[in-house]
Amino acid sequence: GVITGFGSVCVNGLEIEYDAATPVDANGAPADASALAIGQVVVIEASEHRGTLHADRIAVRDAAVGPIERIDAARNEIAVLGQRVRIDPVTRIETAGDAPALHRGDFVAVSGLRHEDGSIAATRVDAARPSGRVSVTGPITEGTRGGASVGDLAVALPQGGIPAELRERIVLVIGSIDPNSGALRAERVDQGDDRVLGEDRGHEDDGGAGVQVGLSALHGVGQ
């Protein structure tokens, strides 16, 4: 679900206790509790003790981490790693330094949930440190020219085709962009949680399985 508050951590209307010793990972890399922020999509494994939920593990799962390839200010959309990202008034945007807006080429981490058309409803966009390693989380499908893809991004898997257990499932793919083909050369592929980055349904609360989005003013999106 989406983090909507702190004190403990509030996700899907549930308050879950955690502390500095709680294991945290961000897109497959070790992190700590200070990396958590409102608007991030997380998977939390928790157990109940005397009526209180305690996090056993927290995993931050960004929908895409990489450079902004295109900005469509008229539609309030950006494209990151072949993923169409929708920006709306509840999207929290954290730009680098004093920059007032996002720009093409900025390296960002996008948190959000997917619509039925495959686009991402961004709940948070953070400026990130540029890196040769990028990642994308979403359903992996057969590409238009064979092979695999996540959204409009071609993915070159180490084993070639998509393993049966991953077909049409949510995956986290980490790797680098091939400068010649533009495909993501996968160095690591983890099966994700279909409940977390599945289709967005208007941010409705369905009693624990839905998603609540933290409120924030929309920052400017510019070229």
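# Exercises on salt bridges, loops and a pocket

D25, E45, R57 and R61 are linked in a network of salt bridges. The model is predicted, and the exercises below work through this network and some other local features.

**Exercise 1.** Describe the salt bridges that D25 forms with R57 and with R61, and state what each pair connects.

Solution.
- Step 1. In the pair of R57 and D25, the closest N and O atoms are 2.9 Å apart. R57 belongs to strand β7 and D25 to strand β4 (residues 24-26), and the pair links distant parts of the chain, 32 residues apart.
- Step 2. For D25 and R61, the closest N and O atoms lie 2.7 Å apart. D25 is in strand β4 while R61 is in the loop between β7 and β8, so this salt bridge ties together parts that are 36 residues apart in sequence.
- Step 3. Both distances can be checked against the cut-off for a salt bridge, which is 4 Å between the nitrogen and the carboxyl oxygen.

**Exercise 2.** Classify D25, R57 and R61 as buried, partly exposed or exposed.

Solution.
- Step 1. The class limits are under 20% relative accessible area for buried and over 50% for exposed, with partly exposed in between.
- Step 2. D25 has a relative accessibility of 11%, so D25 counts as buried.
- Step 3. R61 has 13% and therefore also counts as buried.
- Step 4. R57, at 29%, is partly exposed.

**Exercise 3.** How many salt bridges does a search of the whole structure find, and which parts of the chain does the one between E187 and R133 link?

Solution.
- Step 1. The search of the whole structure gives 12 salt bridges.
- Step 2. One pairs the side chains of E187 and R133, with an N to O distance of 2.5 Å. E187 sits in strand β19 and R133 in the loop between β14 and β15, which places the partners 54 residues apart.
- Step 3. E187 is partly exposed, at 48% relative accessibility. R133 is partly exposed too, at 45%.

**Exercise 4.** Locate R50 and N76, and give the phi angle and exposure of each residue.

Solution.
- Step 1. R50 lies in the loop between β6 (42-49) and β7 (52-60). N76 is in the loop between β8 (64-72) and β9 (77-80).
- Step 2. Phi of R50 is near 55°, and phi of N76 is also near 55°. Most residues other than glycine have a negative phi.
- Step 3. R50 is exposed, with a relative accessible area of 89%, whereas N76 is partly exposed, at 29%.

**Exercise 5.** Is D178 buried or exposed, and which residues does D178 touch beyond its sequence neighbours?

Solution.
- Step 1. D178 is placed in the loop between β18 (170-177) and β19 (184-191).
- Step 2. Its relative accessibility is 16%, so D178 counts as buried.
- Step 3. Leaving aside residues up to four places away in sequence, D178 touches A183 and R185.

**Exercise 6.** Describe the volume and the lining of the second largest pocket.

Solution.
- Step 1. The space in the second largest pocket is about 530 Å³.
- Step 2. The lining consists of 24 residues, and A26, N27, D62, V65 and A109 lie nearest the centre of the pocket.
- Step 3. Strands β13 (107-114), β14 (120-127) and β15 (134-142) each supply at least two lining residues.
- Step 4. By class, 12 residues of the lining are nonpolar, 6 are polar and 6 are charged.

Technical notes: Residues are numbered from 1 along each chain as its sequence is written. This is a predicted model: local features need pLDDT of at least 70, side-chain atom pairs count only at pLDDT 80 or more; totals for chains, interfaces and linings use all residues. Side-chain values use heavy atoms; hydrogens and water are left out. On a 1 Å grid over the protein atoms alone, a cavity is a set of points where a 1.4 Å probe fits but cannot get out, and a pocket is an open set with protein on both sides within 12 Å along at least five of seven lines; lining residues have an atom within 4 Å of a point. Grid points are joined across faces, edges and corners, and a volume is the space filled by probe spheres set on the points. Helices (H or I, at least four residues) and strands (E, at least two) are DSSP runs, numbered from the N terminus. Ala, Val, Leu, Ile, Met, Phe, Trp, Tyr, Cys and Pro count as nonpolar, Asp, Glu, Lys and Arg as charged, and the others, Gly among them, as polar. Buried means under 20% relative accessible area, exposed over 50%, partly exposed in between (1.4 Å probe, protein chains only). Contact means heavy atoms within 4.5 Å.
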